[in-house]
Amino acid sequence: MDWNLCIGIYLCTAGFYIQGFYIVTYGLGIYILNLLIGFLSPLVDPELEPSDGPMLPTKGSDEFKPFIRRLPEFKFWYAITKAFCISFIMTFFSMFDVPVFWPILLCYWIVLFALTMKRQIVHMIKYKYLPFNIGKQKYSGKKSSASSSGSRGD
């Protein structure tokens, strides 16, 4: 079993069984949301600054350029692992067990996640990029522009 999953399950159950550490879990959720946005965003945002380096194609006739992430995958997983470990350690200290009404935190996080992901998806659609590979692409051969109607001249 993956360590991130084990620690994540521990943190979620810490709030349920121990009835505490909601702020730690909420902070972890916000941090992971921030990392996810960096992972899904291009290195050079075409909305902010056109550059001479690799950019996303904005027109169908533009040359294909690969999607380069603002936060590389290894750094994304490394940062999540560090965040889970720090959150795990924080659950051993009672000073981080701040009494809060957890349903408000949960609702606020869900609204924040929905609005942030909606904005990110709209940005992806506007600039026509997809940060994930969906299987192997299939290419079809050239289609003839003029149909030949007649007999062959052998």
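Helices, in this tour, are DSSP runs of at least four residues, numbered from the N terminus. With that in mind, L35 is placed in helix α2, and the tour will return to that residue below. The model on display is predicted.

**The whole chain**

Begin with the entire chain selected and shown as a cartoon. There are four helices and zero strands, so named under the DSSP rule given above. Read from the N terminus, the order of elements is α-α-α-α. The chain has 154 residues, of which 27% count as buried. Its exposed surface comes to about 12,000 Å², with 66% of that supplied by carbon and sulfur atoms.

**Colour by confidence**

Next, colour the chain by pLDDT. The mean over the chain is 76, and 61% of the residues reach 70 or more. Select residues 3-18, which form helix α1: this element has the lowest mean pLDDT in the chain, 61. Then select residues 73-90, helix α3, where the mean pLDDT is the highest among the elements, at 92. Where pLDDT is low, the predicted coordinates should not be read in detail.

**The annotated spans**

Now select residues 20-40, 76-94 and 100-117 in turn. An unreviewed UniProt entry lists these three spans under "transmembrane region". How much of residues 20-40 is helix? The span is 90% helix and 0% strand, and its end C-alpha atoms lie 32 Å apart. Residues 76-94 are 79% helix and 0% strand, with 29 Å between the end C-alpha atoms.

**The nonpolar core**

Which residues touch the most other members of the largest nonpolar core? Select L35, L40, F76 and I80, which have that place in a core of 15 residues. The elements giving two or more residues to this core are α2 (22-40), α3 and α4 (102-127).

Keep L35 selected and show its side chain. L35 is buried because its relative accessibility is 8%, and buried means under 20%. Leaving out residues up to four places away in sequence, L35 touches L71, F76, A79 and I80. The pair L35 and F76 deserves a distance label: these residues are 41 apart along the chain, yet their C-alpha atoms are separated by 6.5 Å.

Move on to I80, in helix α3. I80 has a relative accessible area of 5% and is therefore buried. A second label can be drawn from I80 to I32: the two are 48 residues apart in sequence, while the C-alpha atoms are 6.7 Å apart in space.

**Along helix α2 to I37**

Return to helix α2 and select I37, which is found there. Is I37 buried or exposed? With a relative accessible area of 11%, I37 is buried, since the limit for that class is under 20%. Setting aside neighbours within four places in sequence, I37 is in contact with R70, T116, M117 and Q120. One of these partners, T116, is 79 residues from I37 in sequence, and the C-alpha atoms of the two are 8.2 Å apart. Pairs separated in this way have a counterpart in the chain-wide figures: among contacts with a separation of 6 or more, 85% are between residues 24 or more positions apart.

**The loop between α2 and α3**

Where does F67 lie? Select F67 in the loop between α2 and α3. F67 is partly exposed, because its relative accessible area is 22% and buried residues must be under 20%. Draw a line from F67 to V44: the C-alpha atoms are separated by 9.8 Å, and the residues are 23 apart along the chain.

**Two cysteines**

As a last stop, select C85 and C107. C85 has a relative accessible area of 34%, so C85 is partly exposed. C107 is also partly exposed, with a relative accessible area of 49%; the exposed class begins over 50%. How many disulfides does a search of the whole structure find? The search finds zero.

Conventions
Residues are numbered from 1 along each chain as its sequence is written. This is a predicted model: local features need pLDDT of at least 70, side-chain atom pairs count only at pLDDT 80 or more; totals for chains, interfaces and linings use all residues. Side-chain values use heavy atoms; hydrogens and water are left out. UniProt positions are given in the numbering used here, feature names are shortened, and annotations may be inferred rather than shown by experiment. pLDDT is the predictor's confidence in each residue, from 0 to 100. A nonpolar core is a set of buried Ala, Val, Leu, Ile, Met, Phe, Trp, Tyr and Cys residues joined through side-chain atoms within 4.5 Å. Buried means under 20% relative accessible area, exposed over 50%, partly exposed in between (1.4 Å probe, protein chains only). A disulfide is a pair of cysteine sulfur atoms within 2.5 Å. Contact means heavy atoms within 4.5 Å. Accessible areas come from the Shrake-Rupley method with a 1.4 Å probe; for residues, only the protein chains shown count as cover.
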